[in-house]
Amino acid sequence: MNKSEHPTCPAGFKTSIGGQAIIEGVMMKGPKKTAMSIRKTDGTLYQEVWENPARKWYNRTPFVRGVVNFVTSLVDGYKCLMKSAEISTEGIEDENPSKFDKWLEEKFGDKLVKAVGYLSMVLGMVLAMGLFVYLPALIVSPLKVSLPSWGLSLIEGLIKMCIFVGYMALTRLIPDMKRLYGYHGAEHKTIACFEAGEELTVENVRKHTRFHPRCGTSFIFLVLFISIILSSVVTWDSLVTRVLLKLAMLPLVTAIAYELIRLAGKYDNLFTRVISWPGLKIQRLTTREPEDSMIEAAIASIEAVLPENIGEAEWGK
């Protein structure tokens with residue numbers, strides 16, 4: 001499909017197309033295809049496009065789909081991040097590698113990179129569980145002799161929120177994360193331009209908002225908020241028991257948050273505006289106004305996944 005043949009949609013169209021910022025690029029997932037466009041060191045765009053697997057019953061069933069699609073998104077997103085890190089640094093060589101680095105490269109090559117990547121993912125998940133599940137409960141646990149269960153859960157939830165917002169704020173100080181957040185902004189603005197029914201050009205995309213109700217940042221906020229409510233019925237008698245029960249509740253929390261995000265993406269009313277408002281505010285930390293080259297990457301990715309029948313890209317299809 002040539003660029004001039006890309007279909008446009010009516011203004012106010014709600015699309016199912018979603019994306020993710022990756023290292024020096026943007027990944028977009030459409031109804032039939034997924035694409036990622038990565039800016040190489042020579043300034044050119046590298047692109048990969050692949051067919052999505054057929055949707056099964058568990059991808060469509062309310063509440064079940066939330067858990068399945070969340071896990072799938074995590075796995076696919078991480079693979080794209082790893083690939084983008086490889087492509088975006090292609091041609092950059094360490095001028096003075098140590099003997100140990102040379103030995104590792106000779107013995108393991110790409111296998112080592114993949115192993116380190118997956119190890120980092122596992123350690124990241126363990127760290128997240130520690131920060132958002134164990135640590136808040138540990139801090140609040142000594143107060144159980146003087147506060148009711150709902151009060152303990154409320155304080156625990158506020159601590160989670162502070163950790164989350166503080167972490168997001170700190171990452172903005174890292175130069176590489178600033179660029180990642182720029183690509184995040186480009187992804188949102190490009191989707192907003194498409195939903196407005198405008199031609200996908202850098203000039204058109206730039207004038208749109210970098211905040212979107214279906215953002216992963218909003219999803220994480222909803223997960224934290226819902227966990228506060230559900231964890232209020234979990235025992236405080238034992239810290240270990242509480243942590244284990246909260247981990248067991250994560251699929252339910254994820255499922256509810258996913259359904260709320262779907263509503264926020266499809267409808268614009270008082271309820272969806274209320275549940276979207278906190279996440280949209282936090283996106284001020286996780287998105288930045290993008291450079292033109294970042295917008296170009298986002299446009300390249302979304303154009304690659306647009307179906308010929310634009311109705312197939314409508315939210316809820």
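What percentage of the 317 residues in the protein is buried? In this predicted model, buried residues account for 42% of the chain's 317. Welcome to a short tour, which goes from the overall fold to the surface and then to one pocket.

**Fold and contacts**
- The protein contains four strands and 10 helices.
- Reading from the N terminus, the order of elements is β-β-β-β-α-α-α-α-α-α-α-α-α-α, with the four strands ahead of the helices.
- Among contacts in the protein with a separation of 6 or more, 71% join residues 24 or more positions apart.

**Surface**
- About 17300 Å² of the protein is exposed.
- Carbon and sulfur atoms provide 64% of that exposed area.

**The second largest pocket**
- This pocket has a volume of about 360 Å³.
- Its lining is made up of 20 residues, and K14, P213, A264, Y267 and D268 are the ones closest to the pocket centre.
- Three helices each give at least two residues to the lining of the second largest pocket: α5 (175–195), α8 (239–266) and α9 (270–286).
- With five residues, α9 supplies the largest share of that lining.
- Sorted by class, the lining of the second largest pocket holds nine nonpolar residues, six polar ones and five charged ones.

Terms used. Residues numbered from 1 in each chain as written. Predicted model: local features only at pLDDT ≥ 70, side-chain atom pairs only at ≥ 80, totals over all residues. Heavy atoms only, no water. Buried < 20%, exposed > 50% of the residue type's maximum accessible area, 1.4 Å probe, protein only. Contact = heavy atoms within 4.5 Å. Areas by Shrake-Rupley, 256 points an atom, 1.4 Å probe, with all protein chains shown as cover. 1 Å grid on protein atoms, 1.4 Å probe; cavity = no way out; pocket = protein on both sides within 12 Å on 5 of 7 lines; lining within 4 Å. Points joined across faces, edges and corners; volume = space filled by probe spheres on them. Nonpolar A, V, L, I, M, F, W, Y, C, P; charged D, E, K, R; others polar.
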